[in-house]
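The exercises below are meant to be worked through with the sequence and the three-dimensional view side by side. Try each task before reading its solution.

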Amino acid sequence: MDITIQNSEISVVDAYWEKLRTLSKTAKLLLANKLTDSVKEEEATEHTKRIAKVKRYRNMPTDEELQERFANKPMPSIPEEEPSWKTVIDSNTGKTIKSIEKWL
C-alpha cells in the first residue's frame, strides 16, 4: 500500500480511509486493535509519573518497646456514659470549619 500525501492530517485520514474500505472485516478489526493499542501506549507515555513521598520515621519503637514503655503505667479511665448530643452540639456551636468558611 503506497500512499504519499503532503496535506494536513485530516486529508491523510481521508486517503487512508479510501484504502481501508477495500480491506476485509478481519483486517479492519486487526487494524482497529493496533490503533487502539497505539493510542493507549501514547497516553501512558504522555502522563508524568507521580512520585509519592513517604515519611519514614527513624527510631520508630517496636511493639515490644512500646509494651515495655507503657507496662507500669495505669490505663486511662474510660467515661462510663457517652456525652449526649446536646453536649456535643453545645461544645461545637459557633465554630466553623475552615473549608466551609472558604466556601461561604
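**Exercise 1.** In this predicted model, decide whether Glu68 is buried or exposed, then place the residue in its element and its surface surroundings.

*Solution.* Begin with the accessibility: the relative value for Glu68 is 66%, and since exposed means over 50%, Glu68 counts as exposed. Next, find the element, which for Glu68 is helix H3. Finally, look at the charges around this position: Glu68 gathers with Asp63, Glu64 and Glu65 in a patch of negative charge on the surface.

**Exercise 2.** Locate Pro61 relative to the helices, and work out which residues beyond its close sequence neighbours are in contact with Pro61.

*Solution.* Start with the position in the chain: Pro61 lies in the loop that runs between helix H2, residues 25–46, and helix H3, residues 63–70. Then consider the accessibility, where Pro61 reaches 25% and therefore counts as partly exposed. Once neighbours within four places in sequence are set aside, Leu66 and Arg69 are in contact with Pro61.

**Exercise 3.** Identify the partner with which Glu18 forms a salt bridge, and classify the accessibility of both residues.

*Solution.* The general idea is that side chains of opposite charge can pair when their charged atoms come close. Here the partner of Glu18 is Arg21, and the closest N and O atoms are 3.7 Å apart, which falls within the 4 Å cut-off for a salt bridge. The count for the model comes to one salt bridge. As for accessibility, Glu18 counts as partly exposed because its relative value is 48%, whereas Arg21, at 51%, counts as exposed.

**Exercise 4.** Determine which residues form a nonpolar patch on the surface together with Val88.

*Solution.* First place Val88, which is found in helix H4, residues 85–92, and which counts as partly exposed because its relative accessibility is 30%. The other members of the nonpolar patch are Trp85 and Ile89, and the three residues together have about 350 Å² of accessible area.

**Exercise 5.** Describe the protein chain as a whole: how many helices and strands are there, and what share of its residues count as buried?

*Solution.* Counting the elements gives five helices and zero strands, so that reading from the N terminus yields the order α-α-α-α-α. Of the 104 residues, 1% count as buried. The chain exposes about 11500 Å², of which carbon and sulfur atoms supply 55%.

Key. Residues numbered from 1 in each chain as written. Predicted model: local features only at pLDDT ≥ 70, side-chain atom pairs only at ≥ 80, totals over all residues. Heavy atoms only, no water. Helix = DSSP H or I, 4+ residues; strand = E, 2+ residues; numbered from the N terminus. Buried < 20%, exposed > 50% of the residue type's maximum accessible area, 1.4 Å probe, protein only. Contact = heavy atoms within 4.5 Å. Areas by Shrake-Rupley, 256 points an atom, 1.4 Å probe, with all protein chains shown as cover. Patch = residues over 30% accessible without salt bridge, like charges linked within 9 Å, V, L, I, M, F, W, Y side chains within 5 Å. Salt bridge = Lys/Arg side-chain N within 4 Å of Asp/Glu carboxyl O. Lys, Arg positive; Asp, Glu negative; His and termini not counted. Charge placed at Lys NZ, Arg CZ, Asp CG, Glu CD.
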